[in-house]
Amino acid sequence: MNRQSFSNRHMEEKWQSYWAKSRIFEAEIDASKKKFFVNFPYPYMNGYFHLGHTFSLMRVEVFARYKRMQGYNVLFPFAFHCTGTPIIAAAQRIAENEKAQIDILKQMGITTEEVPNFSDPIYWTSFFPKEAMQDLKNLGASIDWRRSFITTSLNPPYDAFIKWQFRKLKEGGYVIKGEHPVVWCSKCSSPVGDHGRLEGEGTTPEETYLIKFDFNGKVLPTATYRPETSFGVTNLWVNPEAGYVEAGVDNERWIISEDMVEKLRAQKHVVEIFRHLKGESMVGERCTNKVTGGQAPILPATFVKSDTGTGIVMSVPSHAPYDYAALKDAQENPRKYGVTSTLVEEIEPISLIKVPGYGAHPAIEIVEKMGIACQEDPRLEGATKEIYKKEFHTGILNENTGKYAGLKVFEAKEKIVSDFMGENKAVLFYELSEEVICRCLTKCIVKIVSDQWFLKYSDEEWKKRTHEALDNMILYPDKVRRQFDYVIDWLKDWACTREFGLGTTLPWDEKWVIESLSDSTVYMAYYAISRYLEDERYGIEATDSFFDYVFMGVGNDEKVARDAHVSVELLRKMRAEFEYWYPFDFRNSGKDLVQNHLAFCLFNHVALFPKAYWPLGIGVNGFIQIDGFKMSKSKGNFYTLRQIHDTYGADVTRLTLMYGGEGLDDPNWDTEFAKSIGSKLEQWRDFALENYGKGRTDIKYIDRWFSSVTNRAIKATLEMMDSTEFRTALQRGYFDLQRYLRWYLRRAGQNRELMDWFILTQTKILAPFVPHICEEIWEKLGGEGFISLAGYPTYDEDKIDDEIERGEEFAKGIIDDVKEILGIAKIRDGSTAYIYTAEDWKWKVLEIVGDKGIGDAMKEVMQEENLRKRGKEVSEFVKRMFSDRISVQRMNEGDVLRDAKDFIEGEVGLTVKVDADYDPQNKRRLSIPGRPSIYIA
RNA sequence: GCGGGGGUUGCCAAGUGGUUAAAGGCGCAGGGCUUAGGACCCUGUCACGAAGGUGUUCGCGGGUUCGACUCCCGUCCUCCGCACCA
């Protein structure tokens, strides 16, 4: 039922094909016009274009159409992102016949027969771009499709461009080599981000320390987040059931859990296994705490997990609830835990941190207080967190910590760590605080990726210049500026290469693939020339010197042209195109991209281009909601552009989105609005066609009013369009205008010239939002060419007339008042409304009072001879002025009412008499400026 | 926890010291037009009402002010981000 009618669809397709045929969105250099270059972050091609994309895109689209109508030469290109792992991983899952992945495709409308095609990642990169392009064409987007492309090595010219970009970055010192810890799946041999996880979202590698205990010349390493507590170790824990190994680690001999071997190797340790042993074989032995020199027995504990840390845990019962609970278990029931009672009896908790609100042994206190009975109690987790937090933030180290005594824990930690590491008592080790499971079901570990390449976003000088770029930009809305500034400061080095995935290989180290957020930072420049590079007929060989010439203006054009197999003319033309279009004027995305893509975009422009080519404007918006709820696949309210378009058609989809919201708030797709707005547009079309060229020629009062409010609305609309506040623009330029029109018609206004102007104005204002139906109107009205290229409305300040608008408001208020009186007083048989406007002297008082205080005002008023005569009446009026805060601008109320008399009479169904002498209830007395008194009889 | 947005009358939302019971849209109700209407037009939509009035509202609690949705303090809730990922 809500499905758009066939004729509408037909109409929209008609205009889309006219636009395509006339190539009006294919932007070419035109020196006579100012350019305006808008763009949109290319979407990732693992699915259809969805409604969230569409909202962000529509902001670009509406802005593009608006600027085009204002006479700018607008470039709006579009491309498709294929870099990274999701496509390749999904294709692999299809190849493996994974049901979940097949279902995802089927839900998108892919048929069973087509599914096998998707086992090839390359198929994705041709299928989805094609689909997205069609969807956007169906939406009526004013895109120059000649410039489209896909990313990755599948597209050699783009591949060459990215290689060029990275060589430039390297030359500039922006790419550095280093290492860093990542969450790693050894089966996939790749880092596993949140998207690729079944479990453990948000978990990142955390720094822990392996504290080394001496065990007869061998090392027993224990992992801890709290190296400072090694001063309070009473014993070690091992899991008697677990498997351990004795192994050569770097140049020492360690005993560690079997699981630890792989983890150590992943963190750049050399590990050679000598023998395997059970945990129980160590139980009862003693080792030496290298920090304190004290002895620590090795005790068994079931809470020790062999796949966490080293499988050996140092016990600090005074400050670690787990340790105390386990110690208590062992002491109370030594046989059960396989230890001799003499071994455990002698163990005394050692306090080393003073914490406000606790005694010497916080862990003991909390365990007892919570009534935790044994080491298997799940509440130990919470108790541990609580104690850790308290001790870290408020704890002070005891005298038994030697030179660290008296320091706060958080102050001492760094010192302790560096001292211990320097004295070979501890080693840094990354661990995951929670289990992370890769989508392939493998448990992830931390790997230190070495040989890794980074974009050096930590560079202070680079940050400074990026701030400078930001300072010179227009942000839509400006509110995001703080967030941008924050992000620029916060960004650290970004690992810009991957071992796996689609993309461009790092030119000087081909085993690496450039990571997907790093190959998408300055490609907007590539749009300037993509149509030549992407077209094989030109046969251009995209060398570095070619890009240097086009983007940097360096090199000898004849030599460059020869090397690139291109004519000098075309080469110069490409350079000219870049110089003409760049920098871009507006790029828009969702607010989630501020902290990565958009910030990277700024950084990289700053690194590669002179100031003149730094971005001019960036827009950011919230996330689409569907009838007030977040759009998500799991909620079942996830919509692709295609689904929405099929239901509502292009114009309704566009208008509903743009009326859904603006600024940083989440815009809302209002289904009820979408259902109702189509017929309103058709109504406008019918009205326009029916009324254009009709009407009287004389100018009446109400015509001047109509002209005034319309000009005022145009002015407001222009401001809103300029700041991309499209929702408010529609409010002013469409809904307000329609209200004015209704009132005008009700007031029997129908001046031909004015009405024609209004019809064109309204249609043009709507055109960026609903271009199809506006083209239709434009054509039928005999407009020249396309409305898409027609001039945007302008306003005439001289036509804006405050007084006339106030007068109309005044008259309208009178109608409302009369109606209200009729209703409340239940007057059925009234025939005449007597309206008494305020007498002159009241206006005079108003004038004299101005903005004076009540005392001065009274004094001054009474100095007037005429007023003093009225004494009491005047003083009462003055008092009332203050109590009711009366302030009205002068207006000839009588004239206004007399002019609108017929209308008012029609509206209220009474004869109207203005300022008649007849005043049986002495109502005139009550009139005040702006508020005539009324008597109905 | 840190940084940044928000919390307004059924819903979406405008409003940053007084002309605000608070724009507009949607929804809802009544009336008109009409064979009919989910199309269109008008009216109403916090409560009450005695001639155009009065009362109570803008997450919650305080404060400043003649006066606060609007300024200050506190508090609760919510959205986005906190990375190696699109």
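Which residue in the turn of the β12 and β13 hairpin has a positive phi? Glycine G293 does, at about 80 degrees.

**About these views.** This is a predicted model, in which local features need pLDDT of at least 70 and side-chain atom pairs count only at pLDDT 80 or more, while totals for chains, interfaces and linings use all residues. Residues are numbered from 1 along each chain as its sequence is written, chains are lettered from A and ligands numbered from 1 in the order in which they are written, and side-chain values use heavy atoms, leaving out hydrogens and water.

**View 1. The hairpin of β12 and β13, with β6 alongside in the pairing.** Helices (H or I, at least four residues) and strands (E, at least two) are DSSP runs, numbered from the N terminus. Five residues separate β12 and β13 in the hairpin. The two strands, β12 and β13 (residues 295–300), run antiparallel and are joined by three bridges; two strands pair if DSSP finds at least two bridges between them. Within this pairing, R286 stands opposite P297 in β13. Strand β6 (residues 205–215) also pairs with β12, in the antiparallel sense and over two bridges, and here D214 faces T288 in β12.

**View 2. E285, in the loop that leads to β12.** You will find E285 between β11 (271–278) and β12 (286–289). With a relative accessible area of 36%, E285 is partly exposed; buried means under 20% relative accessible area, exposed over 50%, and partly exposed in between (1.4 Å probe, protein chains only). Setting aside neighbours within four places in sequence, E285 is in contact with F215, A296, P297 and I298, where contact means heavy atoms within 4.5 Å. For a sense of scale, E414 lies 129 residues from E285 in sequence and 32 Å from it in space, C-alpha to C-alpha.

**View 3. A second hairpin, made by β9 and β10.** Strands β9 (residues 243–249) and β10 (residues 252–257) run antiparallel, joined by six bridges. V249 stands opposite E252 in β10. Two residues lie between the strands, and D250 takes a positive phi near 55 degrees.

**View 4. An open sheet of three strands, with a helix across two of them.** The strand order is β30-β29-β31, and the pairing is mixed. At the edges sit β30 (911–914) and β31, each pairing on one side only. Neighbouring strands are turned by 20 degrees against each other on average, direction ignored; axes are lines fitted to C-alpha atoms, for helices over the stretch in contact, and angles run from 0 to 180 degrees between N-to-C directions. Strand β29 (residues 832–836) pairs with β30 in the parallel sense over four bridges, and A833 stands opposite V912 in β30. Helix α27 lies across β29 and β31, running at about 45 degrees to β31.

**View 5. The protein surface around RNA strand B.** Of the 58 residues around the strand, Y44, K479, R498, S516 and Q731 come nearest; a residue is near a strand if one of its heavy atoms lies within 4 Å of it. Sugar and phosphate make up 64% of the RNA atoms that come within 4 Å of the protein. The surface residues divide into 22 nonpolar, 16 polar and 20 charged, with Ala, Val, Leu, Ile, Met, Phe, Trp, Tyr, Cys and Pro counted as nonpolar, Asp, Glu, Lys and Arg as charged, and the others, Gly among them, as polar.

**View 6. Three pairs of atoms between protein and RNA strand B.** A polar side-chain atom of Q483 lies 2.8 Å from a sugar or linking oxygen of the RNA. The backbone takes part as well: a polar backbone atom of I824 is 3.2 Å from a phosphate oxygen, and a backbone N or O atom of I936 lies 2.9 Å from a base nitrogen. The elements giving two or more residues to the surface near the RNA include α14 (481–490), α27 (802–824) and β31 (933–936).

**View 7. Two buried residues, H772 and T152.** H772 belongs to helix α26 (residues 771–780) and is buried, with a relative accessible area of 0%. Beyond residues up to four places away in sequence, H772 touches several others, among them W15, W19, L139 and D651. T152 sits in the loop between α5 (121–139) and α6 (156–171), and is buried at 0% relative accessibility. Leaving aside neighbours within four places in sequence, the contacts of T152 include C82, Y158 and L502.

Conventions
Polar contact = N/O pair within 3.5 Å; in protein donor to acceptor, adjacent residues only side chain to side chain.
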